[in-house]
Amino acid sequence: MPSVFYIQDKYTKNCPKNSTYQYAISTCQKTCRSLSDPDPSCSFKLPTVDGCACPNGTYLDDSGACVPDKQCPCYYKGSVMPPGEVVYDKGAMCTCKDRKWQCTQNECHRTCVVYGEGHYVTFDGKRFDFSGDCEYTLTQNFELKLSEGSYEVVERDIGSEVPYQVRQMGIYLVIEATNGLILMWDKKTSILIKLSPEFKGRVCGLCGNYDGSVSNDFITRSQSVVVNIQEFGNSWKAAPTCPDALPLKDPCVANPYRQTWSQKHCSFIMGSTFSKCHSKVDPTPYHDACVQDTCACDSGGDCECYCTAVAAYAAACSQAGICVSWRTPEICRKYFQQIY
Ligand SMILES: [Ca+2]
């Protein structure tokens, strides 16, 4: 703590810096630091003194000058930070302005994932299974038309096509729109939709409302929060005349001859290849989805459904910052050396 005032028994015109001579100064003088942190010298009373001190409305900064409060610096973990200085603390970016830290949460894009036989993970992390034969709205603000390798992105509010770039990344076609939307599609059953934080709470559809709460994602097209997955999913059909989807039957019960093969292969997700990721992303739901899809697989052979299911876990790991190189000539070799 720098000295707050300069004791002088006799009047002087030559007070240091921009302090002035004053009589009967309280020993507790305001410093810039005391505006940010409690000043221990103010916690006990001492006799008043005469001398040089900061004029009213000014505060002693760490260089010993008297400044208005707005010119005081900020303090971060005991260090002096001048106005305009930026620090990063607990994921937030904080800028020193008017002696106070102004922080903004440094948030990333959130992802909605749809993969395999109707497995969904919403922007807020709600997981559910829903499968029907209609077209459905994934996220209301956008109309995404994907079929057999062709695509179109339309933002509804604006009513016009959003400018976007398309590139191929491994097995994924990546569509990056200029407004904060990134779409990754394997041209089969997996879609990842990434939205920037500006869309928080502004979207609806099967990918949920992206408001940060996992408990209110089943909001129907008519804006009611429901518990039933079919009621929720069917409300987002594009065409009301399309028949409602029914609850999913356990495909391993329907196709018991596939169950052993499925369980044996899907245990790969729980195994050592992905061990680095297990503490970051719970593998159990991905394993269960893998078994279901591999039992249900009726197109492209057993391997395709299985590889898609494993790729979904690998993609989730990658989102969590763990990249796992899992494809080998023996496992899903068709896509060997391709991402996820
Ligand atoms: Ca939500």
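Among contacts in the protein between residues at least 6 apart in sequence, 53% join residues at least 24 apart. Two residues count as in contact if their C-beta atoms, placed from the backbone, lie within 7 Å. This is a predicted model: local features need pLDDT of at least 70, side-chain atom pairs count only at pLDDT 80 or more, and totals for chains, interfaces and linings use all residues. Residues are numbered from 1 along each chain as its sequence is written.

The protein has seven helices and 20 strands. Both are DSSP runs, numbered from the N terminus: helices are H or I with at least four residues, strands are E with at least two. Of the 340 residues, 31% are buried. Buried means that 20 or more other C-beta atoms lie within 10 Å of the residue's own; exposed means 12 or fewer, and partly exposed is in between, with C-beta atoms placed from the backbone.

Start with the seven-stranded sheet. The sheet is open, its order is β13-β12-β11-β20-β19-β18-β17, and the pairing is antiparallel. Two strands pair if DSSP finds at least two bridges between them. β13 (127-129) and β17 (164-169) are the edge strands, and each pairs on one side only. From one strand to the next, the twist averages 15°. Axes here are lines fitted to C-alpha atoms, for helices over the stretch in contact, and angles run from 0 to 180 degrees between N-to-C directions.

Look at the β17 edge. β17 is hardly covered: zero of its six residues are buried. Six bridges pair β17 with β18 in the antiparallel sense. The hairpin of these two strands has two residues between them, and glycine 170 there takes a positive phi near 60°. Across the pair, glutamine 168 has leucine 173 in β18 as its bridge partner. Leucine 173 is partly exposed, with 17 other C-beta atoms within 10 Å. Leaving aside neighbours within four places in sequence, leucine 173 is in contact with Val166, Gln168, Trp185 and Lys187. Tryptophan 185 is twelve residues from leucine 173 in sequence, yet the two are 5.2 Å apart in space, C-alpha to C-alpha. On the other side, β18 runs antiparallel to β19, joined by four bridges. Glutamate 176 has isoleucine 182 in β19 as its bridge partner.

Now turn to the nonpolar interior. In soluble globular proteins, nonpolar side chains tend to be buried together. A nonpolar core is a set of buried Ala, Val, Leu, Ile, Met, Phe, Trp, Tyr and Cys residues joined through C-beta atoms within 7 Å. The largest such core has 50 residues, and Cys290, Ala309, Val310, Ala312 and Tyr313 have the most contacts inside it. At least two residues of this core come from each of β11 (110-115), β12 (119-121), β18 (172-177), β19 (181-185), β20 (191-195), α6 and α7 (301-319). α7 gives the most, with twelve residues. Apart from this core lies another, of nine residues, among them Cys15, Cys32, Cys54 and Cys72. Back in the largest core, alanine 312 touches Val113, Tyr115, Gly116, Ser190 and Tyr286, not counting residues up to four places away in sequence.

Which helix is largely enclosed by the rest of the structure? It is α6: ten of its 13 residues are buried, so the rest of the structure largely encloses it. The buried residues include Tyr286, His287, Cys290, Gln292 and Asp293. The geometry of α6 (residues 284-296) is as expected: at 1.5 Å a residue the helix should span 18 Å, and its end C-alpha atoms are 18 Å apart. That expected span is 1.5 Å times one less than the number of residues.

α6 also packs on helix α4 (residues 256-266), at an angle of about 145° and with the axes 9 Å apart. The crossing is right-handed, the term for a near helix turned clockwise from the far one by less than a right angle; anticlockwise would be left-handed. Arg258, Gln259, Ser262, Gln263, His265 and Cys266 in α4 meet His287, Cys290, Val291, Thr294 and Cys295 in α6.

Finish with a three-stranded sheet. This open sheet has the order β1-β3-β2, with antiparallel pairing. β1 (6-7) and β2 (20-25) stand at the edges with a single partner strand each, so one side of each is left without a neighbour in the sheet. Two bridges join β1 to β3 (residues 49-53). Tyrosine 6 has cysteine 52 in β3 as its bridge partner.
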